[in-house]
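This report walks through one model, beginning with a loop residue and then turning to helix packing, a charged pair and the confidence of the prediction.

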Amino acid sequence: RLEAPWRRGHVSTSACSVAVMAMLPLPVLAALAFWIAMSAAMTIFNASLLQGFRHPVWLTFWHQIVSTMLVSMLRLLKPSLVATGDEKAGRPALTFFSAVRIGVPVAAVQCIGLISANTAVMYISVSFCQMIKAWTPATVYLVGCLVGTQKWSAPCAKTLAVITAGLMITSAGELEFGWYGFLMQCTALFSEGLRINLLELLLSSSGYKLNPLSSVMVFAPFASLILLMIGLATDANAVSLDVIHDIGEPALAANALIAFLLNIASYVAIQLSSGLVYALAGIVKDISIIVGAVILMGSSMSAMQMLGYAVALVGIQAYGVVSKAPAKFESGVLYGLAEHLKGTPRPPPILDLECNDMDGIGNCILQCEEGSPELDFDQIDPKCPGIVCTKGKLPRCPVDWEPKGAIRHVSSRQRP
């Protein structure tokens, strides 16, 4: 049992992220620090409130209704911050009916995720919840494969298997494991995966694009209405003036304000930083929340948990690289990642090719595999170091061509 896991765990991954962030310009560093601080504060603050006020539906409703009011004020002061369209980029603005068609299903899934996540911290530690969130890329990818926004890829599946193995080790090492809290956190993960894929289906297919602030403006009102109905139907007697007084009006106000500021922090951080820097800052954020939970809430961690979380972090980084170009890792994820780290292109594998037949003037005809179209050897562009199966002849490299192999020799299997 280790009370100070930050002294020994995640050294290489977190140190790398911190080193990269230290070299950033001051405004970018300040924006990322603000985002990390707000995210950590929101997670720990929610967990602390829910230890006494065990009504996650109403706490989530409070966040959404206050965010709705504040984003409405922001829209009056500076409409460009919450714009849903961009005339220069040719993106249309959301109409009312489009907002309803997109907003209601996304908000419904978001409510399930938020309620589940807030319920989970009532039964398992914040640090363990945060470690389980390492499986978020896997849920997004798996749900995406089911709904058609992602394409199944063996290299991606291998990296997700590493993340899964890390989660299993982490769960086995949890000192105070609870099945209900664990299942609630997993429900939150799958809800997040479904929400992200719904956004991809409903927004991208229609040409819309939202930032964190415009997302609040579109989804928070619908989420507030849905949560209100759930709260009245399942927990109508939970809220009263006495309960609010016991929690403290300043604490509730601060909690809702942090929830809204987190959206602003996300917006600013995304605008000022690159995708890579934002991803690395996300690692620092997650570790900061774990450390904060240990310090402020007395959470404990085992050495097995730290090992499992380190494995999951490695898997997350590998998935981030492999998912961008899975085809480059088809013949070996480890080798491909090593070449990626070196920054050198991977040479195509050597292929032994045999002539399936010879045409009437002595040209070798190749067939890549059974049932594929035949290719005339002399019509393959010499700039393409390999054979690619396409429909018909291949007089030159197609635009999206990738090396499949280099020709070492061609032996005649049939009569010339």
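His-55 lies in the loop that links helix H2 (26-52) to H3. In this predicted model, its C-alpha atom is 7.0 Å from that of Ala-238, although 183 residues separate His-55 and Ala-238 in sequence. When residues up to four places away in sequence are set aside, His-55 touches Leu-50, Asp-235 and Ala-238.

Two helix pairs can be set side by side.

| Helix pair | Axes come within | Crossing angle | Citation |
|---|---|---|---|
| H3 (residues 56-77) and H11 (residues 249-272) | 9 Å | roughly 60° | |
| H4 (residues 96-120) and H8 (residues 179-202) | 7 Å | roughly 160° | |

With their axes crossing at roughly 60°, H3 and H11 are therefore oblique to each other, and H3 passes H11 in a right-handed crossing. On the H3 side the contact is made by Leu-59, Trp-62, His-63, Val-66, Ser-67, Leu-70, Val-71 and Leu-74, while H11 contributes Leu-252, Ala-253, Asn-255, Ala-256, Leu-257, Ala-259 and Phe-260. Sorted by class, this contact comprises 12 nonpolar and 3 polar residues, with no charged residues.

For H4 and H8 the angle is roughly 160°, and these two helices are therefore roughly antiparallel to each other; their crossing is left-handed. Among the residues of H4 that take part are Arg-101, Ile-102, Pro-105, Val-106 and Val-109, and the residues they meet in H8 include Tyr-180, Gly-181, Met-184, Leu-194 and Arg-195. By class, the contact of H4 with H8 has 14 nonpolar, 8 polar and 2 charged residues.

Arg-195, which is one of the H8 residues in the contact with H4, also forms a salt bridge with Glu-192, where the closest N and O atoms are 2.9 Å apart. Because Arg-195 and Glu-192 are 3 residues apart in helix H8, about one helical turn separates them. Side chains of opposite charge can pair when their charged atoms come close. The count of salt bridges comes to 2.

How far the model can be read in detail depends on its confidence values. The protein chain has an average pLDDT of 75, and 73% of the residues score at least 70. Among the elements of the chain, H3 has the highest mean pLDDT (93), whereas strand E5 (residues 406-412) has the lowest (39). The pLDDT is below 50 over residues 1-13, a stretch with 27 contacts in the model beyond near neighbours in sequence. Over residues 346-416 the pLDDT is likewise below 50, and this stretch has 117 such contacts.

Definitions and conventions:
Residues numbered from 1 in each chain as written. Predicted model: local features only at pLDDT ≥ 70, side-chain atom pairs only at ≥ 80, totals over all residues. Heavy atoms only, no water. Axes fitted to C-alpha atoms, helices over the stretch in contact; angles between N-to-C directions. Helix = DSSP H or I, 4+ residues; strand = E, 2+ residues; numbered from the N terminus. Parallel < 35°, antiparallel > 145°, perpendicular 65-115°, else oblique. Left-handed = near helix turned anticlockwise from the far one by under 90°. Contact = heavy atoms within 4.5 Å. Nonpolar A, V, L, I, M, F, W, Y, C, P; charged D, E, K, R; others polar. pLDDT = per-residue confidence, 0-100. Salt bridge = Lys/Arg side-chain N within 4 Å of Asp/Glu carboxyl O.
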